[in-house]
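Subject: A structure for you to look through

Dear colleague,

I am handing over the structure we spoke about, and I would ask you to open it beside this message. Below it you will find my notes, written so that you can follow each one on the screen.

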Amino acid sequence: MLKTTVMRTDTPEETKAAVKAAAILIRQGEVVGIPTETVYGLGANALSPEAVAKIFVAKGRPQNNPLIVHVADLSMLDGLILLEDDLRKRLAEAFWPGPLTIIFPKGKKIPACVTAGLDTVAIRMPSHPVARAIIRETGLPVAAPSANLSGKPSTTTADHVRKDLDGKISLIVDGGSCEVGLESTVVTVKGDTVTVLRPGCITVEMIRLALPEAIVEVAEETLRPLKEGEQAPSPGMMYKHYSPEARVLLCEGTPEQTVAFANTYVDKNAVFIGDVKVCDKVRIDTMPYDGSRDEARLIFDDLRLADEKGYEYVIVGQSTNDGIGLAINNRLLRAAGFEVIHL
Ligand code: TXA
Ligand code: MG
């Protein structure tokens, strides 16, 4: 058991101390909980197989699910990737620093355990100032998956991280609530095609707008379960994800139909996550959200809160698949084990 310390970043002095402590630990080969603009990450030295192994142990993560390597600037990419002059460069120019992860051919410096033996590596340059300061101060690329126990909803506050990983890591840097609240968009490139492997707040529409010369498509596996024995375009698609203890009842229908369905759970231990505008018609407990962007920001928080409050059922409506709705549906479908209630 480790003693887990939480360091805050409310003042410049606190931030400086927290960044320094995190960098020292990461350089020593330890694992640290760090804030990013998407979700909290569990960071370690990406160049050290021993340090990376500790990430997998702390999360209980399957060894064959590769990690994202985080850098603070382009000069850090030297040796990490093989950079051809292709659409990846244009994607990086358009969206870094920010919540986009790009899959590159892997360079020599990356140990095999980071990429689960793949010959590609996922790279992201986060925009969160504390994340950037930690990576810069460490002077090393930082491998970081989302800072949750494997299979659980991702963490969007330092408190979530502490609840999942207390005693398993020695430091959590508290950077407040994550602005996006959903993990980064993951994309890969082949020729003139950009394929979204995990949707996020950098939407398909935004990528099309930034790269008009590219064909932008979404891997169909983002919205359906893999078939028996099917090869996954991204290993993350193979695993149970984002699952609270409560059963997620994901409804497809109008908001009114979803509310009517929720009302049939009035005698059960159930909570409705939904639009404030229709909430007053819901007779069960509610965790209201206000607009689609806020739903994205709060979805993991709500799923975690539902468990904390001991609800047995979470009732939530599907979004439309455009904009950030695609990312919300991707997470909710996984949280519901791909079961949808068609109303
Ligand atoms: O926003 C984020 O991306 C957060 C923060 C901490 O940066 N990180 C994150 O990491 O969500 P993680 O490990 O929870 O998700 C990484 C996803 C997994 O689905 C993994 O399978 C996929 O990226 N991935 C990693 N390397 C890959 C590769 N070489 N090819 C295809 N998919 C890859
Ligand atoms: Mg994750």
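A good place to begin is Ala44, which, leaving aside residues up to four places away in sequence, touches Ile26, Glu30, Val31, Ala51, Ile55, Pro141, Val142 and Ala143. Please keep in mind while reading that this is a predicted model. Ala44 sits in strand 3, which covers residues 41-45, and it counts as buried because its relative accessibility is 0%, where the cut-off for buried is under 20%. Asp119 may serve as a distant point of reference, since the C-alpha atoms of Ala44 and Asp119 lie 21 Å apart in space, with the two positions 75 residues apart in sequence numbering.

The next residue to find is Thr138, which belongs to helix 4 (residues 129-138). Is Thr138 buried or exposed? Its relative accessibility is 4%, and therefore Thr138 counts as buried. A polar atom of its side chain lies 2.5 Å from the backbone oxygen of Ile134, and, again not counting residues up to four places away in sequence, Thr138 touches Ala23, Ile26 and Arg27. You will notice that Ile26 appears among the contacts of Ala44 and also among those of Thr138.

Helix 7, made of residues 255-263, has several buried residues, namely Thr258, Val259, Phe261, Ala262 and Asn263. What covers them includes strand 12 (247-252), strand 13 (270-275), helix 8 (276-279), strand 15 (313-317) and strand 16 (340-342).

Finally, please turn to ligand 1, which has 25 residues around it, and of these Thr38, Asn65, His70, Ser184 and Gly236 come nearest. By type, the residues of this shell divide into twelve nonpolar, nine polar and four charged. Strand 4 (68-70) and strand 6 (120-124) each supply at least two residues of the shell, and strand 6 gives the largest share, with four residues. Which atoms lie beside the oxygen atoms of ligand 1? An N or O atom in the side chain of His70 is 2.6 Å from an oxygen atom of the ligand, a side-chain N or O atom of Arg124 is 3.0 Å from one, and a backbone N or O atom of Gly236 is 2.7 Å from one. The accessible area that ligand 1 has on its own is 680 Å², of which the protein covers 96%.

With best wishes

Methods: Residues are numbered from 1 along each chain as its sequence is written. Chains are lettered from A and ligands numbered from 1 in the order in which they are written. This is a predicted model: local features need pLDDT of at least 70, side-chain atom pairs count only at pLDDT 80 or more; totals for chains, interfaces and linings use all residues. Side-chain values use heavy atoms; hydrogens and water are left out. Buried means under 20% relative accessible area, exposed over 50%, partly exposed in between (1.4 Å probe, protein chains only). Contact means heavy atoms within 4.5 Å. A polar contact is a pair of N or O atoms within 3.5 Å; within protein, one must be able to donate a hydrogen and the other to accept it, and residues adjacent in sequence count only if both atoms are side-chain atoms. A residue is near a molecule or strand if one of its heavy atoms lies within 4 Å of it. Accessible areas come from the Shrake-Rupley method with a 1.4 Å probe; for residues, only the protein chains shown count as cover. Ala, Val, Leu, Ile, Met, Phe, Trp, Tyr, Cys and Pro count as nonpolar, Asp, Glu, Lys and Arg as charged, and the others, Gly among them, as polar.
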